[in-house]
Amino acid sequence: MEPGPSSLLPAAQDQPPISAAGSSTGAGGEADYARDIKTHFRVCRFIMETGVKLGMRSVPVATACVLYHNFFRHVSLNVYEPYLVAMSCMYLAGKVEEQHIRTRDIINVSHRYFNRGSPPLECDKEFWDLRDSVVQCELLILRQLNFQVSFEHPHKYLLHYLMSVKSLVNRHAWFRCPVAETAWALLRDCYHGSMCIRHTPQHIAIATLYLALNSYGVELPFGEKHWWQVLCEGATKARIDAVISDLLQLYDMEAKCI
């Protein structure tokens, strides 16, 4: 039985069909594909904002986003309610990352997200129907992903790279410029789109740090190799530029989603 959308969630409107690979098909062409991308961006923003309200750590939230993107690589957006899938991804990510989140909390926080200022839901039939849908959808996600739900994230790499780069930068310049805070913010933003599953964790971490350093004009000593080649074997300027290009496209998408 396919989990269906609940009246507690926003109705999925104007959802064009997409192929199994995630690209648009049919007469809509690029316009349909753009609507898909906007929908995914909004849903991932929902995951992050509700994740904060639920007290989820950064890695479980990142896992929820990766689960969501991986799921919709294989299924059509017009078949499953994306916000219901997102709620199930948060529930599953809590288990995977050992930060269990109660379904009741996920449902109530999600309800408040779409209905500002509303009281908590009553434990009536509507609530239990939605809870059952979340649990059913979790099983669907597990089957669709062949139970491959453990992922390597860029977080540990970025932490290592930041510690290494900090030792090469003038102490006063480092504390004057919020390089670390900016790099972490850029990394978080990467999960709004499928770029988080199209690039390797190491390259995402290097690219976000590279962009953060350049944003503040912080220069590192130059030897036989560039600093990113020393920290990440296989990193090239072309790969860094590819990650940054995808990230800038996400920021352009954010402007269109406001």
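Start with the whole chain in cartoon view: you'll find 12 helices and zero strands. Keep in mind that this is a predicted model. Following the sequence from start to end, the pattern reads α-α-α-α-α-α-α-α-α-α-α-α.

Now switch on the surface. The chain exposes about 13,200 Å², and carbon and sulfur atoms supply 52% of that area. Of the 258 residues in the chain, 50% are buried. If you like drawing contacts, take those with a separation of 6 or more: 76% of them join residues 24 or more positions apart.

**Stop 1: the core**

Hide the surface and look inside. Which residues touch the most other members of the largest nonpolar core? Select I47, Y68, V85, M90, L209 and W227, out of 83 residues in that core. Helix α3, residues 82-96, gives the most to this core, with 10 residues.

Zoom in on W227 from that set. Leaving out residues up to four places away in sequence, W227 touches V165, I206, L209, Y210, L213 and L220. L209 shows up again here as one of the contacts of W227.

**Stop 2: helix α2**

Next, select residues 58-71, which form helix α2. This helix has 14 residues and reaches 20 Å from its first C-alpha to its last, close to the 20 Å expected at 1.5 Å a residue. How many residues of α2 are buried? The count is 12 of its 14, so the helix is mostly covered. Color them to see for yourself: P60, V61, A62, T63, A64, C65, V66, L67, Y68, H69, N70 and F71.

**Stop 3: A93, between α3 and α2**

Stay with α2 on screen and add A93, which lies in helix α3. Is A93 buried or exposed? Its relative accessibility is 0%, so A93 counts as buried. Show its contacts, skipping neighbours within four places in sequence, and you get P60, T63, A64 and L67. Those four are on the list of buried residues of α2. You can also draw a distance from A93 to V61: their C-alpha atoms are separated by 7.2 Å, with the two positions 32 residues apart along the chain.

**Stop 4: where α3 crosses α5**

Keep α3 and bring in α5, residues 125-144. Two packed helices are described by the angle between their axes and the distance between the axes. The axes of α3 and α5 come within 8 Å and cross at roughly 70 degrees. That makes α3 roughly perpendicular to α5.

To see the meeting place, show side chains on both helices:

- On the α3 side, pick L84, V85, M87, S88, C89, Y91, L92 and K95.
- On the α5 side, pick L130, S133, V134, C137, E138, I141 and L142.

**Stop 5: two loops with an unusual backbone**

Most residues other than glycine have a negative phi. Here are two to check against that.

Select E98, in the loop between α3 and α4. E98 has a positive phi of about 60 degrees although it is not a glycine. E98 is also exposed, with a relative accessible area of 73%.

Then go to N146, in the loop between α5 and α6. Phi of N146 is near 55 degrees, again a positive value in a residue other than glycine. At 57% relative accessibility, N146 counts as exposed, because the cut-off is over 50%.

**Stop 6: helix α4**

Select residues 103-114 for α4. What span should its 12 residues have? At 1.5 Å a residue, 16 Å is expected, and the end C-alpha atoms are 17 Å apart, which agrees. The buried residues of α4 include T103, I106, I107, N108, V109, S110, H111 and Y113.

**Stop 7: H155 and A185**

Finish with H155 in helix α6, residues 155-166. At 14% relative accessibility, H155 counts as buried. Not counting residues up to four places away in sequence, H155 touches S58, V59, A62, W184, L187 and Y191. You met A62 earlier, as one of the buried residues of α2.

Last, select A185, found in helix α8, residues 179-190. Its relative accessibility is 23%, so A185 counts as partly exposed. A185 and A212 are 27 residues apart in sequence and 9.5 Å apart in space, C-alpha to C-alpha.

Technical notes: Residues numbered from 1 in each chain as written. Predicted model: local features only at pLDDT ≥ 70, side-chain atom pairs only at ≥ 80, totals over all residues. Heavy atoms only, no water. Helix = DSSP H or I, 4+ residues; strand = E, 2+ residues; numbered from the N terminus. Buried < 20%, exposed > 50% of the residue type's maximum accessible area, 1.4 Å probe, protein only. Contact = heavy atoms within 4.5 Å. Core = buried A, V, L, I, M, F, W, Y, C linked by side-chain atoms within 4.5 Å. Expected span 1.5 Å × (residues − 1). Areas by Shrake-Rupley, 256 points an atom, 1.4 Å probe, with all protein chains shown as cover. Axes fitted to C-alpha atoms, helices over the stretch in contact; angles between N-to-C directions. Parallel < 35°, antiparallel > 145°, perpendicular 65-115°, else oblique.
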